[in-house]
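Subject: Structure handover

Hello,

Here is the structure I promised to pass on. Please open it first, then read my notes below.

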Amino acid sequence: MQSIGEALGLAIALVLSGDPDLLEIVLLSLRVSLTATVIACMIGLPIGALVAIGRFRGRNAVLILMNALMGLPPVVVGLLVYLYLSRSGPLGFLGLLYTPTAMIIAQTILIAPIVAALSRQVIEDLHAEYAEQFRSLCLTRLQTVQALLWDARYSLLTVGLAGFGRAVAEVGAVIIVGGNIDHLTRVMTTAIALETSKGDLALALALGIILLVIALGVNAAVQSVRMTAARQAYV
Amino acid sequence: MFKKPFAATAVALIIAGAASAQDQSIIVQSTTSTANSGLYDYLLPIFQNETGIQVNVVAVGTGQAIKNAENCDGDVLLVHAKASEEKFVADGFGTERTDLMYNDFVVVGPAADPAGVAGMNDVQGALAKIAESEAPFASRGDDSGTHKAEMALWKSADVDPTAASGGWYRETGSGMGATLNTGIGMGAYVMTDRATWISFENKQDYSVVVEGDQDMFNQYGVIPVNPAKCPSVNVDAAQTFADWLVSAEGQEAIAGFKVADQQLFFPNAPTN
């Protein structure tokens with residue numbers, strides 16, 4: 001328990017010192033995970049909405065698959081992306097392995113199913129409320145999807161945050177496709193894994209505390225946007 | 001009107017940036033001990049200052065490093081498993097293997113020393129004693145250079161520890177640091193390279209119990225990846241790096257790297 005106090009002190013000292021290496025790692029973490037979240041939302045939200053309002057054969061199987069993919073193990077995603085991006089793999093000519101782009105690709109694959117599955121549930125519930133109204137207005141499918149996505153935007157922000165949380169916290173995928181290269185692909189989680197393997201548990205924990213605070217900050221920022229928007233909506 | 005040229009310039013800049021970065025940087029597939037001990041943090045700035053070449057290190061177990069290099073995902077291989085390295089070159093993946101430096105393996109154990117091996121310098125005898133007393137022993141179990149060396153020592157001690165896998169013999173399947181953390185957590189003996197041990201910070205009541213046996217010699221080698229197999233290799237920069245490491249200057253730099261006043265790696269590249 002002594003090391004937790006030590007870690008807390010170290011975390012504060014690290015932040016106060018404004019260590020440029022730490023800043024670089026933090027910024028890369030945010031850049032990779034936020035980009036992955038945005039791309040995953042662009043892919044996952046339309047899929048989730050289409051499945052939510054669609055009635056088609058095999059829909060149940062699609063639902064089960066989407067829900068199951070939420071449990072994709074990061075290491076497996078990392079391995080798959082590695083095999084494709086490796087110089088000996090089909091996309092090796094792109095030279096993307098061990099770059100932040102590779103990390104964004106891996107995290108996008110990891111969290112797109114989460115965004116799709118959760119948004120499907122949110123939109124399906126909303127659609128149940130409005131279905132009759134939409135029918136009476138003779139909306140096209142595209143218009144329906146647009147209306148539902150817009151109306152559910154605040155709940156969908158939470159969906160996006162769930163995806164971001166998963167992305168920023170995972171280490172298995174980014175350590176394989178990024179390689180944890182100093183000043184190039186080292187992010188918070190891989191730095192924590194590295195310090196743990198060096199036996200510097202206090203520093204590892206300190207980095208963990210900082211990561212937690214960053215996640216808190218992102219969530220607080222989104223929450224404040226949401227509250228400001230909601231207040232203005234009721235004025 | 002404004003957008004197009006801007007986008008084109010941006011793309012051109014990105015491509016130019018990527019191209020020049022490619023010329024100036026290499027990826028080293030490396031064993032973890034050299035990275036975790038801080039050797040690269042010490043060496044690479046010196047090298048980069050002189051040549052302007054950026055060296056990116058991917059630190060994984062020797063087995064995985066070789067595999068990655070065989071997939072052409074690196075320009076230089078720096079590991080410690082001579083037999084596997086020679087096979088790597090023989091199979092055409094590397095151009096030439098050169099001895100770089102050495103240190104040694106040690107067995108670390110808890111102060112309680114349940115197998116009574118503290119102070120021994122006959123590693124086979126110590127391993128046999130650990131097996132006989134069924135004192136817990138944590139192994140890497142990950143096909144790394146250290147794991148291969150450990151398996152060779154068990155063999156020469158005429159013990160098959162894997163028969164007791166899950167019993168007193170525990171294979172963590174992880175890196176050196178993770179195995180030390182695990183082993184120390186369960187009071188097990190662990191074989192580690194000395195560099196990782198000296199720079200390891202979670203030693204608790206552990207210390208070196210077996211050392212000094214000739215058979216625990218740990219040789220590191222450096223191999224540029226062969227462009228004939230891997231056209232993507234940055235040949236010139238890779239060769240420059242390998243040459244610098246084995247040059248008088250590189251060797252001197254390796255010898256100058258110390259943690260807690262102890263030299264971790266002993267250069268022994270052949271002098272021409």
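What share of the contacts in chain A with a separation of 6 or more comes from residues 24 or more positions apart? The figure is 79%. Please keep in mind that this is a predicted model.

Chain A overall

Chain A has 10 helices and 0 strands. From the N terminus on, its elements are α throughout: α-α-α-α-α-α-α-α-α-α. The C-alpha atoms fill a box of roughly 65 × 55 × 30 Å along the principal axes. Chain A has 235 residues, and 42% of them are buried.

The bent helix

Look at helix H5 of chain A, residues 100–137. A straight helix of 38 residues would span 56 Å, at 1.5 Å a residue. Between its end C-alpha atoms, H5(A) spans only 46 Å. Where is the bend in H5(A)? Go to Tyr130(A), where the helix bends by about 60°. Then step just past the end of H5(A). There, Cys138(A) takes a positive phi of about 55°.

Where the chains meet

Chain A puts 16 residues in contact with 19 residues of chain B. On the chain A side, 5 of these residues are nonpolar, 7 are polar and 4 are charged.

Two domains in chain B

The domain assignment splits chain B in two. Domain 1 takes 25–102 + 219–267, and domain 2 takes 103–216. Their C-alpha centres lie 26 Å apart. How many residues of each domain are in contact with the other? Domain 1 of chain B gives 19 and domain 2 gives 15. On the domain 1 side, the elements giving two or more residues are helix H2 (32–36) and helix H4 (62–70) of chain B. H2(B) has the largest share there, with 3 residues. By class, this side of domain 1 has 8 nonpolar residues, 11 polar and no charged.

One loop residue

Last stop: Thr162(B). This residue sits in the loop between helix H7 (145–156) and strand S6 (169–171) of chain B. Why does Thr162(B) count as partly exposed? Because it has 13 C-beta neighbours inside 10 Å. A residue with 12 or fewer would be exposed, and one with 20 or more would be buried. Now find Ser139(B), which is 23 residues from Thr162(B) in sequence. Their C-alpha atoms are 9.9 Å apart in space.

Best wishes

Methods:
Residues numbered from 1 in each chain as written. Chains lettered and ligands numbered in written order. Predicted model: local features only at pLDDT ≥ 70, side-chain atom pairs only at ≥ 80, totals over all residues. Helix = DSSP H or I, 4+ residues; strand = E, 2+ residues; numbered from the N terminus. Expected span 1.5 Å × (residues − 1). Bend = angle between axes of the 7 residues up to and from the residue. Contact = placed C-beta atoms within 7 Å. Nonpolar A, V, L, I, M, F, W, Y, C, P; charged D, E, K, R; others polar. Domains from an automatic or database assignment.
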